[in-house]
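Biologist: I am new to this structure and would like a close look at a single part of it, taken slowly. Could you choose one buried place, and then lead me from there to what lies around it?

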Amino acid sequence: PSEAETSSISTGTRQNLLGTLRFWKPLLGLGALSCVMSAALWSCSGRWLAASREDGSSILKSADLVTLASEAVEQQPAARQVLGRATPTKEACPWMGTTQVTNQMKCNDGSYCFGWGCCASRSHVAKCPPDNPVMCKEKLCEGDYCCEKDCTYFGGPRSCPTTRSTGAYRLQSVGKWCNPQKGILWQGVDQMCETRCDHVPGCVYYTVYANGWCQISNTCMEQASQDPVATIHVKIDVTRVLFVGNSFTYVNDLPYQLMTVAASLGRTVEAEGSTIGGCTLYRQEACHDERTAELMDNRTWDYIVLQEYSILPALNITRQTYFYPAISDFVSQKKKAKIVMYQTWGYHDGYPSLCFDETYQPDCWPFGGLRELLQPACEANASSHINSFPCMGYALARAYFSALRFGADMVFPAGLAWMAAQGVREVPANCKAAIDMEYAEPFELNLLPPADELRGLSMYLIVGGGYDKHQTKIAQYLNALTLYATLFQESPEGASPPDCRDNCFGNDWTSQPGPMENTPSAAILLKLQQVAAQVVSYCGRACSPAWQVKA
């Protein structure tokens, strides 16, 4: 969005919203990178990055021998406590926000449709589309409220009489405006911009201009404004989260889903991301990546969520070469933030072979890709320990929990939530033993009982009729619920349904439905919320050494 939009305000004409609009857009971040990395085999802090021995002993022998499960949960059933429950906030005035899709209306019966008048038989309009974001006060559009950019000729904006602004804001800048990377959440003419911010999920910043234009955003990159009296205001009570990862983070928009889940439970989260498709965390360290450097050097974060390339932590040689050095570097740069490891999930059928033929971006893998690093094992016909979903899930769990030994503060156990949702009752003994041999410390994983109600839920995107490794919108929603429970130590029960703003897909790579299409039943959503809370509760101190149950 450009600040120039503030001078192009519609003054009374409304577009005729007809037909169904479908979007086709390329997946951001999967193209080739423009940066050029140094070929030196040194990390940001100057450590030599030659791989350690295959058994990993040079890294892990000095670690304290701790059974993570015994830290997580006492064996007596009475000691296993549950997370406290957040208080859901009812969306008292839904018209203060918008849908996420151009020309899409939300009706008061909860449905979505396209075309002006489409809500006439659905209890009338509840939310306007982002291209005409202001619901006007007077019902002058076929007996319903009008949606405009400017409601000057329609009685002004429809206000929210049930609540007043909390006043929990401070003035941040004068003569500037916010240019967020991910776009503005809401903009239009509204003299009550602060009250508007109170009711737009995820609003952290609002900018007010002399002509009455109001811009609302979750993030803010300040730029000089053409309006010398433009003012930026920021909410005071905000939890700030930086995501560093790849498509497991940005496909179906984990940052935005966390933001909306938190907003529905009465919390405000500011979420920013530095993500590159198909890339390693090592390549995204601040000394290698300009975006990460900018966000870590110039901003203050409460949490930094790190997500590694999907299969990489499950393999010992790539774990030693890329994963552990990257964690150590982020720990050294974190300032006051807590490092949260985003434990990802196994592929639908695991990975049956150690022979890789995947293409990769060389500058994302400076010490060689999976094919090069695993070539000796491939040529020796070594067996794969990760040849099924439970085995790969266990391997990833071990790897991400071991990151606590390298200075990470917490583990966000999305992969364990997936195991419960996929009905995993136990990890096969043979692969478990083989994976455990790669670590010096013992590890016991108490799996959450399977959530049979979720069996058959579409968790993986479909490509060419087969399962891809990437997450559907509902699966990313489960991830967001689990992250919420991890960060706030509260159950996400009562959270709003899944929502999405960027890189939103249905159950395959070719469809991009509206944010709320194909939402599961209320019973399924509640079960997902309960699974997220129970997984984090089971995990306890294994996910966060400072973990405590809220009263």
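Modeller: What follows starts with how far the model can be trusted, turns to one buried glutamine and the helix α5, and then moves outward.

This is a predicted model, and the mean pLDDT of the chain is 80, with 79% of the residues reaching 70 or more. Confidence varies along the chain: among its elements, helix α1, residues 57–60, has the lowest mean pLDDT, 32, while strand β16, residues 303–306, has the highest, 98. Two stretches call for particular care in reading, since the pLDDT is below 50 over residues 1–42, a stretch that has 101 contacts in the model beyond near neighbours in sequence, and it is also below 50 over residues 46–81, where the corresponding number is 70 contacts.

The close look begins with Q307, which lies in the loop between β16 and α7, the latter covering residues 316–333. Is Q307 buried or exposed? Its relative accessible area is 0%, and because buried means under 20%, Q307 counts as buried. The side chain of Q307 has polar partners there: a polar contact of 2.7 Å joins it to the side chain of N246, and another, of 2.8 Å, links it to the side chain of T249. If neighbours within four places in sequence are left aside, the residues in contact with Q307 are V244, G245, N246, F248, T249, L281, Y342, T344 and Y400.

From Q307 we can pass to helix α5, residues 254–264, which is mostly covered, with 10 of its 11 residues buried. Those buried residues are L254, P255, Y256, Q257, L258, M259, T260, V261, A262 and S264. Which elements do the buried residues of α5 pack against? They pack against the strands β14 (239–245), β15 (269–275), β17 (338–342) and β18 (410–412), and also against the helices α4 (247–250) and α13 (473–488). After α5 comes G266, whose phi is positive, near 90°.

The nonpolar cores give the wider setting. The largest of them holds 111 residues, of which I311, M341 and L528 touch the most other members. Taking L528 as an example, and not counting residues up to four places away in sequence, one finds that L528 touches L454, L457, I474, Y477, L478 and L481. A second, separate core has 33 residues, and it includes W95, C119, C193 and M259; M259 has already appeared among the buried residues of α5.

Further along the chain, C378 in helix α9, residues 375–379, offers a contrast to Q307, for C378 counts as partly exposed, at 21% relative accessibility. C378 touches L354 and C355, again not counting residues up to four places away in sequence, and although C378 and L354 are 24 residues apart in sequence, their C-alpha atoms are 5.3 Å apart in space.

Finally, there is an open sheet of 5 strands, in the order β7-β13-β10-β11-β9, with antiparallel pairing. The strands β7 (169–174) and β9 (186–189) stand at its edges, and each has a single partner strand, so one side of each is left without a neighbour in the sheet. From one strand to the next, the twist averages 20°. At the β7 edge, 5 bridges join β7 to β13, residues 231–235, and the two run antiparallel; in this pairing Y169 stands opposite K235 in β13.

How values were computed: Residues are numbered from 1 along each chain as its sequence is written. Side-chain values use heavy atoms; hydrogens and water are left out. pLDDT is the predictor's confidence in each residue, from 0 to 100. Helices (H or I, at least four residues) and strands (E, at least two) are DSSP runs, numbered from the N terminus. Contact means heavy atoms within 4.5 Å. A nonpolar core is a set of buried Ala, Val, Leu, Ile, Met, Phe, Trp, Tyr and Cys residues joined through side-chain atoms within 4.5 Å. Buried means under 20% relative accessible area, exposed over 50%, partly exposed in between (1.4 Å probe, protein chains only). Two strands pair if DSSP finds at least two bridges between them. Axes are lines fitted to C-alpha atoms, for helices over the stretch in contact, and angles run from 0 to 180 degrees between N-to-C directions. A polar contact is a pair of N or O atoms within 3.5 Å; within protein, one must be able to donate a hydrogen and the other to accept it, and residues adjacent in sequence count only if both atoms are side-chain atoms.
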